Amino acid sequence: MKTTLLMIVVALVAMFGYVTLYTVDEAEQAIVVQFGEPIGDVVDEPGLKFKLPWQNVRYFDKRLLVWDGDVTQIPTLGREFILVDTTARWRITDPLLFLTSVRDEAGARTRLDDIVDSVVRDMVSSTELEEIVRSKDWEVDVDELEDPALAERSDVNLQKQPKLGRELLEAGILERARDSMPDLGIELDDVRIKRVNYIESVRRQVESRMTAERQSIAERFRSEGRGRSQEILGNMERDLRRIRSEAARDAEKIRGEADAEATRIYGEAFGADAEFYAFFRTLESYRALGENSTLMLKADSDFFRYLEKAQVQ
């Protein structure tokens with residue numbers, strides 16, 4: 001009997017503790033709500049807390065929360081239609097005001113959709129595209145570009161210095177969004193543009209224009225290459241003609257010198273022994289005749305003189 005009574009008492013105590021005790025985490029803050037209305041102050045100290053059984057507890061995150069906007073199509077000041085993807089970081093600073101104004105995080109994100117998207121649209125539509133994608137201290141040395149063809153693009157001015165720049169644009173969006181935000185109990189900590197791109201139809205036009213420009217630049221390079229090739233071939237042909245001319249001249253000079261030397265040697269040989277020289281020259285003539293050579297000569301021709309002597313001997 002006592003055991004049963006003890007178990008009943010323990011169960012009642014546990015049930016009472018379940019409906020009256022609650023815990024607050026270090027990353028949370030809580031508000032006790034009675035019949036839909038907040039009671040007391042915000043509980044932001046972590047630990048075990050007490051409430052009445054008919055009261056409820058609403059928890060709110062202390063940490064930075066993420067807001068991601070929808071990808072929005074916006075025209076720039078230069079009438080280029082672009083897709084802008086924006087993100088922001090925010091936190092709940094006044095849970096009581098937050099609870100009475102937007103109720104929960106879903107309601108807060110809905111209000112942020114309206115406020116931040118509106119400010120982004122206004123700021124982007126009044127800004128040039130170069131200001132959106134470049135920073136204020138953005139500089140380009142055209143002479144040091146790896147691809148010199150980039151300096152000749154007609155759709156962008158690489159040397160134009162941004163007046164505002166991406167960072168200052170985002171800072172302006174953050175400031176205006178904070179000013180436009182009513183009392184919601186939240187603080188907008190940061191706003192960033194994650195991605196900027198042309199819409200599909202404009203992107204195709206830009207890609208086509210870039211392709212045409214690249215093809216034009218490539219054709220110009222090919223034309224310059226062909227001109228340079230013709231110049232090199234012309235120089236090579238001129239050098240070849242000069243080399244051949246000099247070689248032919250040197251060959252004629254060498255042949256002349258060789259003939260002169262041969263004539264001198266023949267002259268010296270003829271002067272030393274005219275009969276032997278005549279004999280030697282005749283033998284060379286015999287050697288030059290082929291096996292099937294036919295000559296029409298007189299019987300008393302000097303060409304047979306040494307042959308006749310050889311037969312007599």
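What covers the buried residues of α5? The cover includes α3, α4 (129-133) and β9 (186-198). This is a predicted model. The points below deal with helix α5, an open sheet of strands, the pairing of β6 with β8, and two loop residues with positive phi.

**Helix α5**
- Helix α5 takes in residues 165-180, which is 16 residues.
- From the first C-alpha of α5 to the last, the helix reaches 22 Å, close to the 22 Å expected at 1.5 Å a residue.
- The buried residues of α5 are G165, R166, L169, E170, G172, I173, L174 and A177.
- Among the elements that cover these buried residues are the helices α3 and α4 and the strand β9.

**The open sheet**
- An open sheet is formed by 3 strands, and their order is β3-β2-β5.
- The pairing in this sheet is antiparallel.
- Strands β3 (37-43) and β5 (56-61) are the edge strands, and each of them pairs on one side only.
- On average, neighbouring strands of the sheet are turned by 30° against each other, with direction ignored.
- Strand β2 covers residues 28-34, and 6 bridges link β2 to β5 in the antiparallel sense.
- Within β5, F60 is the bridge partner of Q29.

**Strands β6 and β8**
- Strand β6 (residues 65-68) and strand β8 (residues 81-92) run antiparallel and are joined by 4 bridges.
- The bridge partner of L65 in β8 is W90.
- In a regular strand the side chains alternate between the two faces of the sheet.
- In β6, L65 and W67 make up the covered face.
- The uncovered face of β6 holds V66 and D68.

**Two loop residues with positive phi**
- F35 is not a glycine, yet its phi is positive, near 55°.
- The place of F35 is the loop between β2 and β3.
- Is F35 buried or exposed? F35 has a relative accessible area of 69%, and exposed means over 50%, so F35 counts as exposed.
- R103 is also a residue other than glycine with a positive phi, in this case about 75°.
- R103 sits in the loop between α2 (95-101) and α3 (105-125).
- The relative accessible area of R103 is 41%. Buried means under 20% and exposed means over 50%, with partly exposed in between, so R103 counts as partly exposed.

How values were computed
Residues numbered from 1 in each chain as written. Predicted model: local features only at pLDDT ≥ 70, side-chain atom pairs only at ≥ 80, totals over all residues. Heavy atoms only, no water. Pairing = 2+ DSSP bridges. Axes fitted to C-alpha atoms, helices over the stretch in contact; angles between N-to-C directions. Buried < 20%, exposed > 50% of the residue type's maximum accessible area, 1.4 Å probe, protein only. Expected span 1.5 Å × (residues − 1). Contact = heavy atoms within 4.5 Å.
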